[in-house]
Amino acid sequence: MVMRSSPLPRMSRRGRVTIGVLIGVFVLFTLLGWGVNAWTDWLWFDEVRYTQVFTGVLATRLLLFLVIGLGMAVIVAGNLWLAYRLRPQLRPHSAEQATLERYRMLLSPRLGTWIALASAVIGLFAGLSAQSRWSQWLLFRNGGSFGVKDPEFNVDIGFYVFQLPFWRYLLGVGFTAVVLALLGALAVHYIFGGVRLQGVGDRMTNAARAHLSSLVAVFVLLKAIAYVLDQRAMLLEYNEGAKLYGAGYADINALLPAKEILAWIAVVVAVAIIVFSNAWMRNLVWPGIALALLGVSAVAIGGIYPWAVQTFEVKPSARDKEAPYIERSIKATRAAFGLTDTKNTGYAANNLVPPANLATDTSVVQNVRLLDPQLVSETYTQLQQVRGFYDFGPKLDIDRYAVGGKTSDYVVGVREINYGELTSQQSNWINRHTVYTHGYGLVAAPANQVCGNGTPYFVSGFLGEASKETQGCSSPSEQIPAQQPRIYYGERMEADDYAIVGQTGDRDVEFDKPTSTGGEQYYTYTGEGGVEIGSFPRRLLYAIKEQESNFLLSEAVNDDSKLLYVRNPRDRVEKVAPFLTLDGDPYPAVVNGRVQWIVDGYTTAATYPYAERVNLQAETADELTGRGTFQLARENVNYIRNSVKATVDAYDGTVKLYAFDDTDPVLKAWNKAFGGDLVLPKGDIPPELAEHFRYPADLFKVQRNLLARFHVTDPGDFYSGQDFWQVPNVPDAPDSGAKQPPYYLFTQFPGQDGPRFQLTSAVTPNRRENLAALISGSYVNGRPQLEVLELPDQTRISGPVQVHQQMTNNGDIRQQLNLLSSGQSQVQYGNLLSLPFGNGMLYVEPVYVKSNSQNAFPQLQRVLLSYGDGGSYVVLANNLSDGIKQLVEQGKRAPGGAPPPTSGGTNPPTGGTSPPVLTGELAQAAGRVQSAIIEVKAAQASGDFERYGRALKTLDEAMAAFQQAQGAANPSPGPSPSGSPAASPPASPPASPSSSPTPNG
């Protein structure tokens, strides 16, 4: 006789009440917090007039949460209930069943409650997961056609970008639902006797077998659908053989047909499971064999066969086999990243002598930018700060303005409040949030002009009389006037830097600016921005949100008060347009008398077939990342467009989104998803605003890095990889590993009609340091234009790192730089500009000196210039004009055989014997030896053995080339004529490093 187990003891009434109260309190506070955030979000979106974004995203999240959550819960609950209904009424006696009886007694009285609870938990997590897919769903519903079809299946790209991601998600939901239903049903069948592990007779009842086998069959059918979708998704996978994305030879010719065969096998197996389990034989042997057949087929057909094709057919002749698929990847990548219309132009750069017209040029030399926006931010802060809490940030911006009928680039910065610099007295709640509410003025200085002491020439952003407020120099009046110069929204604003503005009386309490008489001017905000918080419910609401009682207690909050929050321009745009990826470098501009922040917005996708996939964070990181520019998120994309130009008014926070690429299908889908009027058409862009649009830096970095490989369009050459480029490291700190940032210039490149405001970058051959090409991005007639000036292979023109080393390691120049960097000061180098001019290369690098004293700032003291191959013609001048004159003089003397002076303007020594003159090929060979010696010393100091080995090899090659050139330049002389001096001894190469040096460490 089997003893029946007693039921589990029931919880006391007090215990149940306690648990109920705790759960109720938890739910109450959770809902309260959610409700407060939702309400304040609604008020904020209502302020900026983008409530359709709030309601659209919220409704979509709720819809997905309910549909997917309820669907998952119903499927699981239905199968659990069905398993219970199919339980056997009689069960054989066994120890196993006796053990299970206590669980039956626990579950049976409230089985519906248990099923509902388990299903609700599963549905809750499924719904929470689903609501995060709101963006996929909106694109799925609103996506259209790209007008371009994939090269394999002839399917529009829109299917891959808009449809495929959500279909794959739904398939994953289906797999999850079936697996959970199968496991749950199996558990119920086991508990209630439908499935037994012990005892005589069948281990499974017919009803249980039918139920479970049906679920297994559904799982296999879903697998068949997965095989079909996998065929399309193959065009997105990484091709290891070609080192590119997209299906390769083995994928198309082996794996693709294998997937189709496996899909049909899965359908047959699903039918076999149903038939053999229920209609015939009624056991699990044949269904098990069918499942095993599917598994074996997946391994053999889907794994071994493609591997064999790849190993024995593709690898021996991969270049030829993969060529058509490499071509597909090249075309798709260039299309997906906007590289198709890149203008490639050859640039011989074979002129190594400074031309005479350098001194008279007005398109390139006259516009050379001397101010480095990163270095002079300290100068702006010290000379234009006025109060300790004003700040310009770690990096300024470059923009262009037409002043006096002439367009030039300007270094611009906004004088903002830095709340971290407020004193302890100024940091109390009243001062922080109601007094110090805004900054004042956009400060600008011409990028190609400095004062005599090396400081910028300020032309705007004055707080009073210009002559009384700056230690530097300035224009007599505002040349870039702003009718509303106050800055309530800026890059220095953090999440908790809210401001309470507005007064009921005539008393102004907001600190506005210092006056020229030493006093202070106060102000009251009159803009339309801000959420009204005059009523008690609003004050209570924000007191809860900010966890600050002063909203209720302080007299500073009155009936006319407004709350300004989300004050960072990038954060405001991100909140209004959460579907955009934003550029990391917003910049200010004065447009129609108001300071506007301009933010570039990108639409992206990760499912463009055959396109290269890149990580935005990795591709956009360089020396300036985190130092005035925001670091992008780790987002993998293979399609990007600068589709939106967004503006944020620095005074009232008004956000506007303008379509910039009105042909982008992704932008069209998003605009349709939010009612069709979220993004203003391109025709609505004010011309005054369009004048300040610039090629976005992060997009340019991605395109530049891709062009380093995908400028090669021949599949065979691409496979060999011999013509790839790389972005050089920072010239003055190459061992740091940081990439040289691109730089904005107002200049004219060869082939361009006139000077343009463009973003430029130099690239070098892969694993080499000489110059390979210059890449620039600009706008032509309102459309983006990428251009590549490509130098010939085996060029002798040095790259940025080499040029900097050659200029700074020149003997006389090194001596002058050492004098500048005495113990009381340090030398800092600005942007090294690579400028094509006169069929050669002109390099310009500003030299700043910063004292080691407190509150010191960098001042432009010298300018390094080089022309040609980077080492033959080098000067260090007091200013750009003098440097250009010295270069031209060197160029004039070079053909006569005189040595080009490279001492930065110092006179050659008088008296004594002059060293042998190196000219022509011999001078160039000596220059390469000198560069190789410099690299050996640098490698030795870095401790990098691999780099040191390469440097020694390069030095050996340079020495051999020098000896060969020396022999050609100095053949064995015949007998000298009577009375003439004997032939001069052959010139020697520069001294090599000490014998057998070894890297440190």
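**Group meeting: a walk through one predicted model**

Okay, let's start with a cavity: T434, I500, V501, G502, Q503, V509 and A556 line the largest one. Before I go on, please keep in mind that this is a predicted model. How big is that cavity? Its volume is about 30 Å³. And how many cavities of 30 Å³ or more turn up in a search of the whole structure? The answer is 1. If you sort the lining of the largest cavity by class, you get 4 nonpolar residues, 3 polar ones and no charged ones.

Now hang on to A556, because we meet that residue again when we look at N558: the side chain of N558 reaches the backbone oxygen of A556 at 3.5 Å and, at 2.9 Å, the backbone nitrogen of D560. Where is N558? You'll find it in the loop between α16 (550–553) and β17 (562–564). Is N558 buried or exposed? It has a relative accessible area of 11%, and buried means under 20%, so N558 is buried. Leaving out residues up to four places away in sequence, N558 touches G502, Q503, T504, I533 and G534. Two of those names, G502 and Q503, are also in the lining of the largest cavity.

Next, the second largest pocket. Its volume is about 830 Å³. It is lined by 36 residues, and the closest to its centre are A335, G338, T340, D341 and R641. Which elements supply at least two residues each to this lining? They are α11 (323–336), β23 (639–649), α21 (697–710) and β29 (783–790). The largest share, 5 residues, comes from α11. By class, the lining of this pocket has 19 nonpolar, 7 polar and 10 charged residues.

On to I252, in helix α8 (residues 249–279). Its relative accessibility is 11%, so I252 counts as buried. What does I252 contact, apart from neighbours within four places in sequence? The list is E152, M234, A247, P257, Y325, R328 and Y610. If you like distances, try I252 and Q231: they sit 21 residues apart in sequence, and their C-alpha atoms are 9.3 Å apart in space.

Let's do a histidine too. H211 is part of helix α7 (residues 206–233). With a relative accessible area of 7%, H211 is buried. Which side chain does the side chain of H211 make a polar contact with? That would be H189, at 3.0 Å. H189 also shows up among the contacts of H211 once neighbours within four places are set aside, along with N79, L82, A83, L86 and A185. As for A185, it is 26 residues from H211 along the chain, with 8.3 Å between the two C-alpha atoms.

Last stop, the disulfide. A quick reminder: a disulfide is a covalent bond between the sulfur atoms of two cysteines. How many do we count here? Just 1 disulfide. It joins C451 to C473, with an S to S distance of 1.3 Å. The pair links distant parts of the chain, 22 residues apart: C451 is in the loop between β9 (442–446) and β10 (457–458), while C473 belongs to strand β11 (residues 473–474). Are these two cysteines buried or exposed? Both C451 and C473 are buried.

That's my tour, thanks for listening!

Conventions
Residues numbered from 1 in each chain as written. Predicted model: local features only at pLDDT ≥ 70, side-chain atom pairs only at ≥ 80, totals over all residues. Heavy atoms only, no water. Helix = DSSP H or I, 4+ residues; strand = E, 2+ residues; numbered from the N terminus. Buried < 20%, exposed > 50% of the residue type's maximum accessible area, 1.4 Å probe, protein only. Contact = heavy atoms within 4.5 Å. Polar contact = N/O pair within 3.5 Å; in protein donor to acceptor, adjacent residues only side chain to side chain. Disulfide = S-S within 2.5 Å. 1 Å grid on protein atoms, 1.4 Å probe; cavity = no way out; pocket = protein on both sides within 12 Å on 5 of 7 lines; lining within 4 Å. Points joined across faces, edges and corners; volume = space filled by probe spheres on them. Nonpolar A, V, L, I, M, F, W, Y, C, P; charged D, E, K, R; others polar.
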